[in-house]
Amino acid sequence: QAHATAMSYRIRPYQDTDLEAIKGITLVGFAGVSLDHALEEKLGGELAGHDWRWRKARHIDDDVVAHAEGIFVAEAEGEVLGYISSVIDREVGRGRIPNLAVAASARRHGIGRALIEHALDYFRNENLTYAVIETMETNPIGQTLYPAPGFQEIARQVHYAQRL
């Protein structure tokens, strides 16, 4: 499961006790590469009294509510090293990966790629037709990681915002 520098870990289903750990990994991993962070940078500070970290952490809560059974966690010796979330839309045959993050200390061991492959296998087992994932232009890791297991760039989107 791991690349050149061997790291022993397993991928298992999400448990409620993982929530704080995956939020922590998310907040470190998405600094500078999330839409929430970019909004704050461009619009000048907190929005509605909350910083980007608070908004991004809510995405994880949303993932749990939307499809907790589609969240998978990489762990070693009880420590959460990373996770991937997924959402299924059976009507259109689509599996979507809203969030993926690996702890800084566990990067470059193939965990992100293994989590993606795990989610893709999950989608295949659910008889879905296709899978989607997205990344920001400011995320060079996503731009190299996602094509590796076969994702193709389909389109680019421009986000606009203004303070009211």
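This report walks through helix packing, salt bridges and a few individual residues in a predicted model.

**How α2 and α3 pack**

Let us start with a pair of helices. Two packed helices are described by the angle between their axes and the distance between the axes. Here, helix α2 spans residues 35-43 and helix α3 spans residues 52-67; the two pack at an angle of about 160 degrees, and their axes are 8 Å apart. Angles over 145 degrees count as roughly antiparallel, and α2 and α3 are therefore roughly antiparallel to each other. Their crossing is right-handed.

Which residues make the contact between α2 and α3? On the α2 side they are Asp36, His37 and Glu40, and on the α3 side they are Trp52, Arg55, Lys56 and His59. Sorted by class, this contact of α2 with α3 has four charged residues, two polar ones and one nonpolar one.

The loop between α2 and α3 holds alanine 48. This residue has a positive phi of about 55 degrees although alanine 48 is not a glycine. Alanine 48 counts as exposed, with 76% relative accessibility.

**Salt bridges**

Next come the charged pairs. How many salt bridges does a search of the whole structure find? The search finds 13 salt bridges. Three of the pairs are set out here, with the N to O distance for each.

| Pair | Location | N to O distance |
|---|---|---|
| Aspartate 61 and lysine 23 | Helix α3 and helix α1 | 2.9 Å |
| Glutamate 117 and arginine 113 | Both in helix α4 | 3.2 Å |
| Arginine 124 and aspartate 121 | Both in helix α4 | 2.9 Å |

The pair of aspartate 61 and lysine 23 joins side chains in a salt bridge. Aspartate 61 lies in helix α3 and lysine 23 in helix α1 (residues 19-29), so the pair ties together parts that are 38 residues apart in sequence. Is each partner buried or partly exposed? Aspartate 61 counts as partly exposed at 28% relative accessibility, while lysine 23 is buried, with a relative accessible area of 14%. The cut-off for buried is under 20% relative accessible area.

The pairs in helix α4, which runs over residues 111-125, sit along one helix. Glutamate 117 and arginine 113 are four residues apart, about one turn of the helix. Both are partly exposed: glutamate 117 has 26% relative accessibility, and arginine 113 has 30%. Arginine 124 and aspartate 121 are three residues apart in α4, again about one turn of the helix. Aspartate 121 counts as partly exposed, at 40% relative accessibility.

Salt bridges also link residues into a network, whose members are Arg10, Arg12, Asp18 and Glu75.

**Around helix α1**

Lysine 23, already met as a salt-bridge partner, is found in helix α1. What does lysine 23 contact once its neighbours within four places in sequence are left aside? The contacts are Ala57, Ile60 and Asp61, the last of these being the partner in the salt bridge. Lysine 23 and tyrosine 83 are 60 residues apart along the chain, and their C-alpha atoms are separated by 9.9 Å.

Glycine 24 is also placed in helix α1. Glycine 24 is partly exposed, with a relative accessible area of 34%. From glycine 24 to arginine 90 there are 66 residues in sequence and 31 Å in space, C-alpha to C-alpha.

**Helix α4 and the loop that follows**

Back in helix α4, we find glycine 112. Is glycine 112 buried or exposed? Glycine 112 is buried, with a relative accessible area of 12%. Not counting residues up to four places away in sequence, glycine 112 touches Leu100, Val102 and Leu145. One of these, valine 102, is 10 residues from glycine 112 in sequence, and the two are 6.4 Å apart in space, C-alpha to C-alpha.

Asparagine 127 lies in the loop between α4 and β7 (130-133). Its phi is near 60 degrees, a positive value in a residue other than glycine. Asparagine 127 counts as exposed, at 68% relative accessibility.

Conventions: Residues numbered from 1 in each chain as written. Predicted model: local features only at pLDDT ≥ 70, side-chain atom pairs only at ≥ 80, totals over all residues. Heavy atoms only, no water. Axes fitted to C-alpha atoms, helices over the stretch in contact; angles between N-to-C directions. Parallel < 35°, antiparallel > 145°, perpendicular 65-115°, else oblique. Left-handed = near helix turned anticlockwise from the far one by under 90°. Contact = heavy atoms within 4.5 Å. Nonpolar A, V, L, I, M, F, W, Y, C, P; charged D, E, K, R; others polar. Salt bridge = Lys/Arg side-chain N within 4 Å of Asp/Glu carboxyl O. Buried < 20%, exposed > 50% of the residue type's maximum accessible area, 1.4 Å probe, protein only.
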